[in-house]
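Reader: I'd like to learn how to read the pockets in a model like this one. Could you walk me through it?

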Amino acid sequence: MTGQKVRWGILATGGMSARFTADLVDLPDAEVVAVASRTEASATAFAERFGIPRAYGGWEALARDEDVDVVYVATPHSAHRTAAGLCLEAGRNVLCEKPFTLNAREAEELVALARQGGRFLMEAMWMYCNPLVRRLKALVDDGAIGEVRSVQADFGLAGPFPPAHRLRDPAQGGGALLDLGVYPVSFTQLLLGEPSDVTARAVLSDEGVDLQTGALLSYESGALASVHCSISGGTPNSASITGSQGRIDVPNGFFFPDHFVLHRDGRDPEEFRADPADGPRASLAHEAREVMRALRAGETESPLVPLDGTLAVMRTLDAIRDRVGVRYPGEHPGEHPGQKAEDRAVTPA
């Protein structure tokens with residue numbers, strides 16, 4: 001694929017697809033050649049909006065399109081397994097929105113499909129591809145703050161969201177944790193890996209999804225991480241990493257920061273700012289570039305967003321849901337590893 005444009009297909013036509021496609025069409029080495037939706041009318045309207053030559057009123061036709069190098073999947077959470085699996089089985093490479101799937105079992109199935117078929121698969125965790133987040137990660141790995149002792153991160157929206165909204169719909173994988181909590185959990189995973197123990201509390205809606213959730217993640221190293229998410233109150237959306245020799249503070253928007261501050265013991269604070277040449281802070285182009293780089297290199301997964309890391313995040317999200325008692329339609333008892341009814345701690349809304 002070296003030296004030629006990467007041909008993209010877009011599966012689903014909602015807000016995230018529009019955001020991603022808008023950034024994608026500005027990349028000179030990318031070409032959006034097809035879009036699919038459940039209805040032909042929706043696909044056609046999206047195609048006309050972005051100048052896409054082919055519009056399909058069904059996912060199967062896009063999955064079978066041999067002119068598509070990689071498919072971006074941005075359906076509701078509950079359809080990620082079906083949509084991404086359909087594309088992988090048809091031989092397409094896939095970039096799938098987060099949360100990767102509803103649960104770890106579905107994630108394991110997708111990873112197995114990709115690895116067995118030799119197809120590229122990546123979770124669209126754009127935070128991991130952000131240049132400033134990568135700089136932060138490199139500083140931590142290089143020992144700038146010593147051994148990491150604790151991580152704190154939060155992501156909350158003020159709402160209110162009505163009961164019919166997708167964020168409160170169990171059939172669409174609604175709730176704060178999967179939509180927003182995946183960011184602080186993934187941020188913690190980036191720095192500390194998978195926790196050895198999880199405790200959690202949540203406030204649930206009448207529909208049975210979490211309106212807000214707080215979790216404490218424990219690690220064998222002795223580190224602790226405190227993560228919080230909410231669809232019932234706006235939070236600072238900030239993060240802080242404390243080490244044995246300093247601290248890094250990331251203000252509002254830790255998942256797409258414009259700056260962060262490094263505090264080293266015995267030194268003046270150092271501010272690290274985003275390079276204007278990297279484009280708008282909310283750009284999704286970084287993850288698209290990483291997908292295309294990997295495809296040209298013949299890689300089946302990205303070192304920036306490794307599949308084993310995605311699986312670890314899904315196991316952590318499962319563990320949190322186990323503790324607070326959130327289960328989605330189609331899941332069954334024993335779906336999540338380590339589920340103990342006595343461990344659940346739930347406060348009704």
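Reader: By class, what does the lining of the second largest pocket have?

Author: Happily, classes are simple: Ala, Val, Leu, Ile, Met, Phe, Trp, Tyr, Cys and Pro count as nonpolar, Asp, Glu, Lys and Arg as charged, and the others, Gly among them, as polar. Here the lining has 6 nonpolar, 3 polar and 2 charged residues. Among them are Tyr-128, Arg-134, Lys-137 and Gln-189. This is a predicted model, where local features need pLDDT of at least 70 and side-chain atom pairs count only at pLDDT 80 or more, while totals for chains, interfaces and linings use all residues. Residues are numbered from 1 along each chain as its sequence is written, and side-chain values use heavy atoms, leaving out hydrogens and water.

Reader: How is a pocket found, and what volume does the second largest pocket have?

Author: Rolling a probe the size of a water molecule over the atoms shows where empty space is left. On a 1 Å grid over the protein atoms alone, using a 1.4 Å probe, a pocket is an open set of points with protein on both sides within 12 Å along at least five of seven lines; lining residues have an atom within 4 Å of a point. The second largest pocket has a volume of about 170 Å³, that is, the space filled by probe spheres set on points joined across faces, edges and corners.

Reader: And which residues lie nearest the centre of the largest pocket?

Author: Those are Met-16, His-77, Lys-98, Arg-166 and Asp-179, out of 25 lining residues. The volume of the largest pocket is about 560 Å³. Its lining divides into 10 nonpolar, 10 polar and 5 charged residues.
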